[in-house]
Every structure is written in structure tokens, then in C-alpha cells.
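Visitor: Please take a close look at one part of this chain, the nonpolar patch on its surface. I would like to know which residues form the patch, which strands supply them, and how those strands are joined.

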Amino acid sequence: MRRIVFLMLTLLMLIVPVFAQVNISYKVDFSTKYYPDSKKVNFNPNYYLQFTYKESNINAYLDIRDGSWRSYLSFSNVLGLLNIYFAKYYLNVEGTKALFDPILYSRLGGLNGFQVSLSKPIKLTATYIPRQIESDVDFNLGRLTLKAETLPMSGKFMGLNIYGLYDKDMLNMIDTYVVGAEANPFSFLSLFFEYGNNARQWAVGGYLKPILNLTLSGYYRGDGGYKLEFNLKDIIPKLTLNGAYFVAPDSANYMYLLLVLPPQKLGNIDALYGRYTSFKDYDVFYFRLSSTIGKISNTLRIYKNWSFGAGWFDTTLPLSFEDVITLSF
């Protein structure tokens, strides 16, 4: 049945381009994983069919993979100031700099919902994520997040941005608000302050660029949590070194160092090493080599406690050797 549905959708997408400006791409990848601890080998083929439609201020996208589908539909610059976005999985909810974490899309935990944003005279974004709860009677306990920023109006004055966020989590019956202000008095310096009604209370932080290629950033929160980060670029052309150290009483703590090398003859290389502390300490690392020849690409990964799907720590993943061959059409 899955193959029949896939073929029907493929035929439909071949007919649609006659009437609209679209882009269709097909991709198949073959993933081979070896787990040294258990000495097991896993081979997994995956197929992807992607359909994109772009016409003036309308953007539609459909991604079919392994019998499931995800999509978005967006209308931009409506009446010169409004953006509307509907999504199945492809949705990010923007947070604040320290007191409210963003709710990010990942392949492991997709977000469905819709988002409406106003671009002027202030920036105003409203996001609603529906959440169906099954019980004797079906009802919806979704999540509503509103964020307002004055940057379009006040940015000419030292890059000043006064912002506020309100989040209503209907499932857990939690209402959160955060207010803050950020200023850029100099091109090499930015400062911000936030205050909220959650356990983190307040935060102060910013970034400093002591030299052109180096950025130092961080913040300190009222509950004792803090984050320090640096980003070093192009000391050697196209080499990037990024590191962070994060401590907080209300979540897991972590540190990492990420290295991205300049393009090599073999391909692109990046590597990460870190420590993740939850109930215990975990070593986290990965090495990745990616190369492309025409429409064929190959990715070699060696990793432990890292999810490439989520782009973040995952302490359930054992030491793994993986090679992925991808064919694009």
C-alpha cells in the first residue's frame, strides 16, 4: 500500500509542473551502521521525494520519506507587512537570549502548527502548536507563544531592541513572560538584560569582539546558571573553532569544542568533543567526513552520544560507525 501511495504522489507531482513553477527532487540513501560494543551491523535504505513550489510570495514544500510526510506552506509580505506560515514538522519557536529556550524542530521531535508574524512598525510573532490529548473526550491542550520586538522602530538608536515574550502552556498550565532589552553601542559590543517570572528570574549578558575573527559571548542568570561561548573564524581561511560551557540548576550541563576544517581533497571534515552531565557524566564526540561527486554523496560518521538528526547530545546512542551513500535525481 505504501508503494502505491508513493507512486500516485509521484505521478501527481509530474503533472503539476505543467501548471506551476515547481522543483521536484528525488533522493535515496543507503545507511550502513556498525556498533562495536554489540558487534552488530545495520543496513537501512531510505527514500525521499521533495516537492517545492515558489511563486512571488507563496512558498510550498512537501517532503515524503519512508511512508511519512512533512510539509509547510508560507505566504510572505502579505499587504507589505504580514507573514503567514503553516507547518507539519517544519516549525521553530523563537525564545529569548537566556530565560526562555527556543522550541526547535528536529527529526526526532517534530513540531506542527502555524505562525503569523508582523514586520512593522514592530516585529510581532504569534505561534500556536496544537497538541491532541486522547481521553474519554478528545480535547486540545496546545501551546501559544507571542513575541514582540521594537527593533524595526528603535534599531537606529544604538541597535536598541526592547522585547517581550509570553508563553501559555495549556497542557502543564504554565504561563511564562519575559521582558528584555538589548543594545549595540559599538560594532564590537552588545549587551542585554532580561527579567521573567520563571525560576531563572533574570539574566544579563552579551557579546564582545576583541578582534575581527573572534567573538566571545555569554550570560549569567538569577538562578546561578551561566553560559560562556567563543567562536573563532578564518585564522586559517575557512577554518572554524567553536566552544561552549554551560551550567544550570534546572537542566543538564554541557561543554563542547567543535572544529570545522577547510575543505580537503577528500571532502569536508568536522569534529566535536564534549561532556554532557545529567544524572552522570557522558563523553560525547563525533567525526564526520562528507564528499560529493556529481549527484552521488558519501558521509562517513564515527560518533557516540550525539544525534545528527537533532544536532545535539543524545546519551542513548552507543559508539557507532556509519557510512551513508546518497543518490540525488
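Guide: The model is predicted. The chain exposes about 19,700 Å², and carbon and sulfur atoms supply 64% of that area. Buried residues account for 31% of the 329 residues. The secondary structure consists of two helices and 24 strands.

Now the patch. On the surface, Leu 146, Tyr 166, Tyr 177, Val 179, Phe 193, Tyr 195, Trp 202, Val 204 and Tyr 220 form a nonpolar patch, and together they have about 810 Å² of accessible area. At least two patch residues come from each of strand S12 (174-186), strand S13 (189-196) and strand S14 (202-211).

Tyr 166, another member of the patch, lies in strand S11, which covers residues 161-169. Tyr 166 can be counted in the patch because its relative accessible area is 31%, and the cut-off for patch residues is over 30%. With that value, Tyr 166 is classed as partly exposed.

The strands behind the patch are connected as follows. S13 and S14 are antiparallel and pair over seven bridges. One of the bridge partners in S14 is Tyr 207, which is matched with Ser 190. S13 and S14 form a hairpin, with five residues between the two strands. In the turn of that hairpin, Gln 201 has a positive phi of about 70°. S14 is also joined by seven bridges to strand S15 (residues 214-221), again in an antiparallel arrangement. Here Ala 203 has Arg 221 of S15 as its bridge partner. The hairpin from S14 to S15 passes through two residues.

For contrast, consider the buried nonpolar residues. In soluble globular proteins, nonpolar side chains tend to be buried together. The largest nonpolar core has 24 residues, of which Tyr 276, Trp 306 and Phe 313 touch the most other members. S11, strand S17 (240-247), strand S18 (253-260), strand S19 (268-277) and strand S20 (281-293) each supply at least two residues of this core. S20 provides the largest share, three residues. S11 therefore contributes to this core and also holds Tyr 166 of the patch, which is partly exposed.

Apart from neighbours within four places in sequence, Trp 306 has contacts that include Leu 272, Val 284, Phe 285, Tyr 286 and Phe 313. There is also a second, separate core of six residues, among them Ala 87, Val 93, Ile 103 and Ile 129.

Notes: Residues numbered from 1 in each chain as written. Predicted model: local features only at pLDDT ≥ 70, side-chain atom pairs only at ≥ 80, totals over all residues. Heavy atoms only, no water. Patch = residues over 30% accessible without salt bridge, like charges linked within 9 Å, V, L, I, M, F, W, Y side chains within 5 Å. Areas by Shrake-Rupley, 256 points an atom, 1.4 Å probe, with all protein chains shown as cover. Salt bridge = Lys/Arg side-chain N within 4 Å of Asp/Glu carboxyl O. Helix = DSSP H or I, 4+ residues; strand = E, 2+ residues; numbered from the N terminus. Buried < 20%, exposed > 50% of the residue type's maximum accessible area, 1.4 Å probe, protein only. Core = buried A, V, L, I, M, F, W, Y, C linked by side-chain atoms within 4.5 Å. Contact = heavy atoms within 4.5 Å. Pairing = 2+ DSSP bridges.
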